[in-house]
Amino acid sequence: MIGRAQELIPAPSPVTGRVRLISANWKMNHNHLEAIAAMEKLYHLLRPEQFRYAELSIHPPFVDLRSLQLLFESDRMPFVLGAQNCHQEVSGAYTGEVSAPMLSKLGVGYVIVGHSERRRLFGESAELVAQKAVAVLAAGMVPIVCVGETLEEREAGATAAVIEAQLECVVAAVPLEALPKLVVAYEPVWAIGSGQAASPADASEAAAIVRGVVAKRGGEEASSKVRVQYGGSVSAGNAGMFMAAGGVDGLLVGTASLEPEGYAQLVRDA
Ligand code: PEP
């Protein structure tokens with residue numbers, strides 16, 4: 001069990017000056033009771049140094065958010081609440097959707113937009129992802145913009161072109177002054193949930209491509225502030241390698257974030 005939440009502010013990396021961010025994407029797993037149990041366990045398995053090393057954002061299904069908000073506040077757990085998606089409009093006749101201001105009201109800090117499962121299974125275009133990123137920023141939160149190539153695109157040598165095309169839409173749409181706030185998750189589609197992670201060199205290369213796209217609109221100053229995560233079959237065995245890769249500021253973790261013991265080990269090893 002750790003001490004007072006306000007003492008557990010993550011320090012920027014002495015090398016990059018950026019605050020590391022390790023994010024747990026639970027996808028459609030854990031009802032609100034399971035979510036509470038998982039977070040109580042995870043909190044007890046982590047030490048203050050893990051909270052000082054990186055921001056730890058937790059992205060549960062929407063229905064768990066209120067329960068976790070209350071848990072984090074009442075037990076002063078210094079996790080950051082995250083969401084997995086949002087609608088691009090503020091309100092209206094969009095049955096089944098959740099808007100960015102609704103998430104912000106629940107204390108959400110980060111919202112994943114453009115996850116490859118949303119692009120592939122729900123037909124989200126680069127333009128729609130850009131609108132969502134704009135909505136997240138307008139509501140005072142930070143978007144985690146997912147980009148990454150499929151296996152076919154990689155084999156065709158199109159990795160850089162795909163990352164650029166996906167990100168350029170977002171970079172063009174958000175207000176110039178918001179560019180430094182962006183978090184971009186490089187998640188090669190072939191690495192997600194496959195057990196076959198990319199290499200740290202792939203992640204570094206992608207981070208350089210991401211910063212190149214941001215620099216084109218916002219200059220070097222903005223691009224040096226943008227944070228880049230790697231995601232795709234991150235495990236306790238490879239988390240440290242990815243965190244040590246040049247240009248990489250954090251991780252977006254799916255499967256390995258579901259089980260508290262394993263995830264605590266991953267965070268300790270990162
Ligand atoms: C993800 O869905 O964002 C992800 C990275 O999944 P996994 O860690 O299971 O590959």
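Trainee: Which element gives the largest share of the lining of the largest cavity?

Mentor: In this predicted model, the structure holds one cavity of 30 Å³ or more, and two elements, helix 1 and helix 11 (260-269), give two or more residues to the lining of the largest cavity. The largest share amounts to three residues, and these come from helix 1.

Trainee: What volume does the largest cavity have?

Mentor: The residues that line the largest cavity include W26, M39, L42, I58 and Y263. The space they help to line has a volume of about 40 Å³.

Trainee: How many residues in the lining of the largest cavity are nonpolar?

Mentor: A24, A38, L258 and P260 are among the residues that line this cavity, and S257 is there as well. When the lining is divided by residue type, no residue is charged and one is polar, while the number of nonpolar residues is nine.

Trainee: Turning to the aromatic rings, how do the planes of Y43 and F79 meet, stacked or edge-to-face?

Mentor: A search of the whole structure finds six aromatic pairs. For the rings of Y43 and F79, the centres are 6.3 Å apart and the planes stand at 65°. Planes over 60 degrees apart count as edge-to-face, so the pair of Y43 and F79 is edge-to-face.

Trainee: How many residues apart are Y43 and F79?

Mentor: Y43 belongs to helix 1 (residues 32-45), whereas F79 is in the loop between helix 3 (65-74) and strand 3 (80-83). The pair therefore links distant parts of the chain, and its two members are 36 residues apart.

Trainee: What is the angle between the planes of F51 and F79?

Mentor: F51 and F79 form an aromatic pair with a distance of 5.1 Å centre to centre. F51 lies in helix 2 (residues 48-53) and F79 in the loop between helix 3 and strand 3, so the pair ties together parts that are 28 residues apart in sequence. The pair is edge-to-face, and the angle between the planes is 70°.

Trainee: Is F51 buried or exposed?

Mentor: Buried means under 20% relative accessible area, and F79, with 8%, is buried. F51 has a relative accessibility of 2%, so F51 counts as buried.

Trainee: Which residues do ring pairs link into a cluster?

Mentor: Y43 and F79, both of them buried, form one edge-to-face pair, and F51 and F79 form another. The cluster that ring pairs link together consists of Y43, F51, F72 and F79.

Trainee: Over the ring of which residue does the charged end of R118 sit?

Mentor: The charged end of R118 is 4.0 Å from the centre of a ring. The ring over which R118 sits is that of F122.

Conventions: Residues numbered from 1 in each chain as written. Predicted model: local features only at pLDDT ≥ 70, side-chain atom pairs only at ≥ 80, totals over all residues. Heavy atoms only, no water. Phe/Tyr/Trp six-rings, centres within 6.5 Å; stacked < 30°, edge-to-face > 60°. Helix = DSSP H or I, 4+ residues; strand = E, 2+ residues; numbered from the N terminus. Buried < 20%, exposed > 50% of the residue type's maximum accessible area, 1.4 Å probe, protein only. Lys NZ or Arg CZ within 6 Å of the ring centre and 35° of its normal. 1 Å grid on protein atoms, 1.4 Å probe; cavity = no way out; pocket = protein on both sides within 12 Å on 5 of 7 lines; lining within 4 Å. Points joined across faces, edges and corners; volume = space filled by probe spheres on them. Nonpolar A, V, L, I, M, F, W, Y, C, P; charged D, E, K, R; others polar.
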